[in-house]
Amino acid sequence: MRDVAELLATVPTGLWIGGEQIPASDGGVFPVHDPATGEVLTEVADATAADGKHALDAAAAQADWAATSARERSEILRRAWELVMARRDDLALLMTLEMGKPLPEAQSEVTYGGEFLRWFSEEAVRINGRYSHSPSGNGRILVTKQPVGPTLAITPWNFPLAMGTRKIAPALAAGCTMIVKPAAETPLTMLLLGQVFAEAGLPDGVLSILPTSNAARLTDPLFTDDRLRKVTFTGSTGVGKILIAQSASRVLRTSMELGGNAPFVVFDDADLAAAVDGAMAAKMRNIGEACTAANRFHVDNAVRAEFTSRLTERMRALKVGPGTLDGVQVGPLITEKQRDAVAELVHDAVAKGARITTGGTSVPGAGWFYEPTVLTEVPADARILREEVFGPVAAITGFDGEAAGIAVANDTEFGLAAYIYTQDLSRALRAAEALESGMVGVNRGVISDVAAPFGGVKQSGLGREAGSEGIEEYLETKYIALPS
């Protein structure tokens, strides 16, 4: 593994504007912490409103970038993918240091995040329109697609690389310039990615990266600037609602990938070994800090005791520790506040009658660790069944019969991801169609795929990312009426 100090010395810590790193306009900086120790890794420039205006000034590159051939945009994205793969170890270690996930998971994220660059390099040359005769015979119809224009992307801390590339890649492929505000907890990976894009030949001004400790100070003025045309956000539903309201004054295009409360439904005919494997993947990927993470485990009472026993055994065996250590499967949560929030949800459930079968406490010592935890007999009024956990806690409840399982799974204002386990194909199709969710995993615990549309319904968001659908979020449809 590369020396940490040596790696950090190579990572940009200034704002990335105009193809170079620069200090914040007022010289401000803020610290980035290692959640495994609580210690400061480094300090980065703290963007202000003036820096946001500077980035929009640089985004005047929009006209030239939109006029750049699709093939050239494609080749730049392809080169960026190649460079990301070449720097896989550096990017993975950097993510582990600033976010906490175990190094093997960080390496997997480099592969996953990099694939958005490769996928949309291929989609860049497949932006299609259409030409036809009007049915009335009085003219011809020409439909074409054009880039939306300068876009603000606000990304979360839980997938520091992939949540950026999932937005940047389709925007650049479509011909849009972009300003990225990475999460204050994990700005380093995105700043390094900015350097990678410069090495790949991306023209100056097309991509700016502005870390800040005060999001509103930076973004509020951008929302009122006539040059900004779109906002894309991944994060909590609460913040998403605020951004949607802000965007309304100028009718900005928005795409919102918001909170989740994913149900994991195990029917009475499920293969329990496979269901437990899937549960571990759906719950413990990224330490449980994922919007697609299974939050609520609804298990038919006919198999609930056996499922609970098996899941408890698997969760108890997980190794907790700093993500840089060999064999570690569960790293720290992102902040002390997040660890305490998880502990509070567990305490609330237990106080209302839930029973802990393993875990249930914070890990003493340095860093922000929480034990892998299983709760059973969780009552319906427990907050953990209503709120996104974002931690290594599985809450199990029982149900009787297919209809009851679907009903309890849908009993939430969220609708991002859902998981079902059954060996009956007809039941799988019925349940998948009945679930109020943008994505459904059938006998699968990991469902994210660069070639598939990612997004939710209800209060889990608007629009779709990835897949062939993802580039449409950055394109406007224009109709040109032609004479006969």
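Helix 11 and helix 12 are oblique to each other, since they pack at an angle of about 50 degrees, with their axes 10 Å apart. This is a predicted model, and the points below start from that helix pair, move to the seven-stranded sheet that helix 12 lies across, and then turn to a second helix pair, a second sheet and a few single residues.

**Helix 11 and helix 12**

- Helix 11 covers residues 272-284 and helix 12 covers residues 304-316, and the way in which helix 11 passes helix 12 is a right-handed crossing.
- The angle of about 50 degrees is neither under 35 degrees nor over 145, and it lies outside the range of 65 to 115, so the pair is classed as oblique.
- On the side of helix 11, the residues that meet helix 12 are Leu-272, Ala-273, Ala-275, Val-276, Asp-277, Ala-279, Met-280, Lys-283 and Met-284, while helix 12 contributes Glu-306, Phe-307, Arg-310, Leu-311, Arg-314 and Met-315.
- Sorted by character, the residues of this contact between helix 11 and helix 12 comprise ten nonpolar, five charged and no polar ones.

**The sheet of seven strands**

- Seven strands form an open sheet with mixed pairing, and their order across the sheet is 14-15-16-13-12-17-18.
- The edges are taken by strand 14 (355-358) and strand 18 (439-442), each of which has a single partner strand, so one side of each is left without a neighbour in the sheet.
- Within this sheet, neighbouring strands are turned against each other by 25 degrees on average, with direction ignored.
- Strands of a sheet pair through backbone hydrogen bonds, and this can happen in a parallel or an antiparallel way.

**Strand 16 and its surroundings**

- Strand 16 (residues 393-399) is mostly covered, with six of its seven residues buried.
- Strand 16 pairs with strand 13 (residues 294-300) in the parallel sense over five bridges, and one example is Phe-297, whose bridge partner in strand 16 is Ile-396.
- Strand 15 (residues 373-376) also runs parallel to strand 16, and three bridges join the two; here Leu-375 has Ala-395 as its bridge partner in strand 16, and Thr-373 has Val-393.
- Helix 12 lies across strand 12 (262-266), strand 13, strand 14, strand 15 and strand 16, and its direction makes an angle of about 175 degrees with strand 16.
- Helix 14 (residues 402-409) lies across strand 12, strand 13 and strand 16, and it runs at about 165 degrees to strand 13.

**Helix 4 and helix 6**

- Helix 4 (residues 70-86) and helix 6 (residues 103-123) pack at an angle of about 165 degrees, with their axes 7 Å apart, and they are therefore roughly antiparallel to each other.
- The crossing of helix 4 and helix 6 is left-handed.
- Among the residues of helix 4 that meet helix 6 are Leu-77, Trp-81 and Val-84, and those that helix 6 brings to the contact include Val-110, Leu-117 and Phe-120.
- The residues of the contact of helix 4 with helix 6 divide into eight nonpolar, four polar and four charged.

**The sheet of three strands**

- An open sheet of three strands has the order 5-6-20, and its pairing is antiparallel.
- Strand 5 (130-133) and strand 20 (475-482) stand at the edges with a single partner strand each, so one side of each has no neighbour in the sheet.
- From one strand to the next, the twist of this sheet averages 20 degrees.
- Strand 5 and strand 6 (residues 140-147) run antiparallel and are joined by four bridges, and Tyr-131 stands opposite Leu-142 in strand 6.

**Single residues in loops**

- Most residues other than glycine have a negative phi.
- Phe-390, however, has a positive phi of about 55 degrees although it is not a glycine; Phe-390 is placed in the loop between strand 15 and strand 16, and at 15% relative accessibility it counts as buried.
- Asn-443 is another non-glycine residue with a positive phi, near 55 degrees; Asn-443 is found in the loop between strand 18 and strand 19 (461-462), and it counts as partly exposed at 37% relative accessibility.
- Thr-422 sits in the loop between strand 17 (417-421) and helix 15 (425-434), and with a relative accessible area of 3% it is buried.
- Leaving aside neighbours within four places in sequence, Thr-422 is in contact with Phe-267, Asp-269, Ala-270, Arg-427, Ala-428 and Asn-443.

Definitions and conventions:
Residues numbered from 1 in each chain as written. Predicted model: local features only at pLDDT ≥ 70, side-chain atom pairs only at ≥ 80, totals over all residues. Heavy atoms only, no water. Buried < 20%, exposed > 50% of the residue type's maximum accessible area, 1.4 Å probe, protein only. Pairing = 2+ DSSP bridges. Axes fitted to C-alpha atoms, helices over the stretch in contact; angles between N-to-C directions. Left-handed = near helix turned anticlockwise from the far one by under 90°. Contact = heavy atoms within 4.5 Å. Nonpolar A, V, L, I, M, F, W, Y, C, P; charged D, E, K, R; others polar.
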